[in-house]
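The following questions and answers examine a single protein model. Each answer sets out its reasoning before it closes on the value or name requested.

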Amino acid sequence: MMLIVMTAGATPQQLEQVIERIAALGLKAHAIPGAQRVAIGITGNQGSVEPALFENLPGVLEVIPVSHPYKLVSREAKSENSVVTVRGVPVGGDNFAVFAGPCSVETPEQTLTIARAVRSAGAQILRGGAFKPRTSPYAFQGLGEPGLVILRDVGREVGMPVVSEALDERSLELVTEHCDMIQVGARNMQNYSLLRLVGKTRKPVLLKRGMAATVEELLMAAEYVLAEGNYQVVLCERGIRTFADHTRNTVDLAAVVAVQRLSHLPIIVDPSHGTGRRHKVIPMARAAAAVGADGLMVEVHHEPSQALSDAAQALLPEELAQFMRQLPALLPLTGRHLAQALELSA
Ligand code: PEP
Ligand code: MN
């Protein structure tokens with residue numbers, strides 16, 4: 001893999017010439033605009049590409065062989081932090097975004113009640129599963145497309161972009177049609193055919209870390225999406241499997257720091273699936289904000305005992321509201337501020 005860095009003053013014609021030469025070799029060019037200059041990633045090569053083919057073209061500053069197995073997601077490809085915009089809400093950069101909502105969309109009333117509560121608490125993006133990856137085939141599997149329609153309509157009503165999980169090709173089509181962001185869950189992080197399909201869409205993607213995936217494997221999974229031309233990926237640390245049994249999973253906050261060193265992509269933390277227990281969610285959410293995560297995903301239910309999935313980890317709306325009042329004290333520690341929510345069209 002190689003990265004071609006253009007000079008700050010390179011013209012569009014010079015950029016085009018480099019891209020044409022890459023295409024002439026039968027390879028794929030990915031122009032990655034940066035604040036100072038454009039970098040061009042090359043993919044599609046099996047072996048190495050001769051740097052001399054590009055070094056002397058006008059407008060080329062440097063030809064850098066990329067040492068990591070991932071390319072487009074790497075800091076080498078783009079030094080400044082990416083901002084992914086989810087129907088108007090920015091995630092990443094200095095924006096801290098809160099994704100909140102029920103584990104599953106259950107009824108229009110349940111979804112609207114929870115959405116109103118999380119929106120007024122200050123969350124910007126509404127989550128809700130309609131295609132649920134359940135451990136047991138006998139457990140509630142989600143409402144399917146009708147659930148997505150409920151989520152979409154509620155999102156519009158309360159003024160929040162919506163995200164929902166796609167499990168396979170068919171649900172991906174539906175999530176792409178109805179939602180503002182596509183979630184790929186922990187269990188599908190290494191479903192490479194799904195990742196390629198997600199990469200062919202032009203919707204923002206929330207990619208959750210697999211429960212036994214290394215940081216490198218997470219970045220390689222994101223690379224599949226970017227390699228197809230979809231650069232709008234937000235990563236999510238949601239806890240990994242360890243021997244610990246005091247939590248459902250072990251929230252690996254050091255992964256946030258590791259990812260931010262290696263990649264320009266935003267990374268948020270999900271302390272709900274990460275801990276599995278309501279009383280542990282807010283303390284870990286505070287820790288995630290302090291460590292420098294770009295946002296949070298939390299599950300909320302107004303009647304947790306009635307929740308059809310993940311009841312034990314659902315926050316009460318008031319618990320989220322109280323935490324959101326603490327956030328402004330934490331975010332300046334890492335140079336962040338709360339992302340701007342959508343304007344309510346009165
Ligand atoms: C979810 O967010 O609804 C979910 C199923 O999470 P994960 O894929 O992290 O288990
Ligand atoms: Mn859940």
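Q: Is Glu299 buried or exposed, and what is its relative accessible area?
A: The model is a predicted one. A residue counts as buried under 20% relative accessible area and as exposed over 50%. Glu299 falls in the buried class, and its relative accessible area is 1%.

Q: Which residues coordinate the manganese ion (ligand 2)?
A: The donor residues follow the sequence spacing C-x169-H-x25-E-x10-D. The coordination distances run from 2.0 to 2.4 Å. The donor atoms are SG, NE2, OE and OD, supplied respectively by Cys103, His273, Glu299 and Asp310.

Q: How many residues apart in sequence are the parts that Cys103 and Glu299 tie together?
A: Both residues are donors to the manganese ion (ligand 2). Cys103 lies in the loop between β7 (95-101) and α3 (108-121), whereas Glu299 lies in strand β14 (residues 295-299). Cys103 is buried, with a relative accessible area of 5%. The pair therefore ties together parts whose separation in sequence is 196 residues.

Q: What is the volume of the largest cavity?
A: The count comes to one cavity of 30 Å³ or more. Its lining consists of Pro102, Cys103, Glu106, Glu299, Val300, His301, Ala307, Ser309, Asp310 and Ala314. These lining residues divide into five nonpolar, two polar and three charged. The volume of the largest cavity is about 30 Å³.

Q: Which residues that line the largest pocket are the closest to its centre?
A: The largest pocket has a volume of about 400 Å³. Its lining comprises 26 residues, divided into seven nonpolar, nine polar and 10 charged. The closest to the centre of the pocket are Pro133, Arg187, Arg248, His273 and Asp310.

Q: Which strand gives the most to the lining of the largest pocket?
A: Among the residues of this lining are His273 and Asp310, which also coordinate the manganese ion (ligand 2). The element that gives the most to the lining supplies three residues, and spans residues 162-165. That element is strand β9.

Q: Between which domains does the second largest pocket lie?
A: About 220 Å³ of space lies in this pocket. The protein chain is divided into domain 1 (2-65) and domain 2 (83-338), with centres separated by 35 Å over C-alpha atoms. Because both domains give residues to the lining, the second largest pocket lies between domain 1 and domain 2.

Q: Which element gives the most to the lining of the second largest pocket?
A: The lining includes Thr43, Asn45, Lys71, Arg196, Met220 and Glu223. By class, the lining residues divide into four nonpolar, four polar and three charged. The element that gives the most to this lining does so with four residues, and it is α7.

Q: How many residues apart in sequence are the parts tied together by Arg87 and Asp180?
A: The structure holds 12 salt bridges, one of which joins the side chains of Arg87 and Asp180 at 3.1 Å, N to O. Arg87 lies in the loop between β5 (83-86) and β6 (89-92), and Asp180 in the loop between α5 (169-178) and β10 (181-184), so the parts that the pair ties together are separated in sequence by 93 residues.

Q: Which of the two partners, Arg87 or Asp180, is buried?
A: The cut-off for buried is under 20% relative accessible area. Arg87 has a relative accessibility of 39% and counts as partly exposed. With a relative accessible area of 15%, the buried partner is Asp180.

Q: Which residues are joined into one network by salt bridges that share partners?
A: Glu228 forms a salt bridge with Lys200, with the closest N and O atoms 2.8 Å apart. Glu228 lies in the loop between α7 (215-227) and β12 (233-237) and Lys200 in helix α6 (residues 192-200), so the pair ties together parts that are 28 residues apart in sequence. Glu228 counts as buried, at 15% relative accessibility. The network consists of Arg196, Lys200 and Glu228.

Q: How many residues apart in sequence are the parts that Asp252 and Arg209 tie together?
A: The side chains of Asp252 and Arg209 meet in a salt bridge at 2.9 Å, N to O. Asp252 lies in the loop between β12 and α8 (253-262), while Arg209 lies in the loop between β11 (205-208) and α7, so the sequence separation of the parts tied together is 43 residues.

Terms used:
Residues numbered from 1 in each chain as written. Chains lettered and ligands numbered in written order. Predicted model: local features only at pLDDT ≥ 70, side-chain atom pairs only at ≥ 80, totals over all residues. Heavy atoms only, no water. Salt bridge = Lys/Arg side-chain N within 4 Å of Asp/Glu carboxyl O. Helix = DSSP H or I, 4+ residues; strand = E, 2+ residues; numbered from the N terminus. Buried < 20%, exposed > 50% of the residue type's maximum accessible area, 1.4 Å probe, protein only. 1 Å grid on protein atoms, 1.4 Å probe; cavity = no way out; pocket = protein on both sides within 12 Å on 5 of 7 lines; lining within 4 Å. Points joined across faces, edges and corners; volume = space filled by probe spheres on them. Nonpolar A, V, L, I, M, F, W, Y, C, P; charged D, E, K, R; others polar. Domains from an automatic or database assignment. Donors = N, O, S within 2.8 Å, 3.2 Å for Na, K, Ca; no water.
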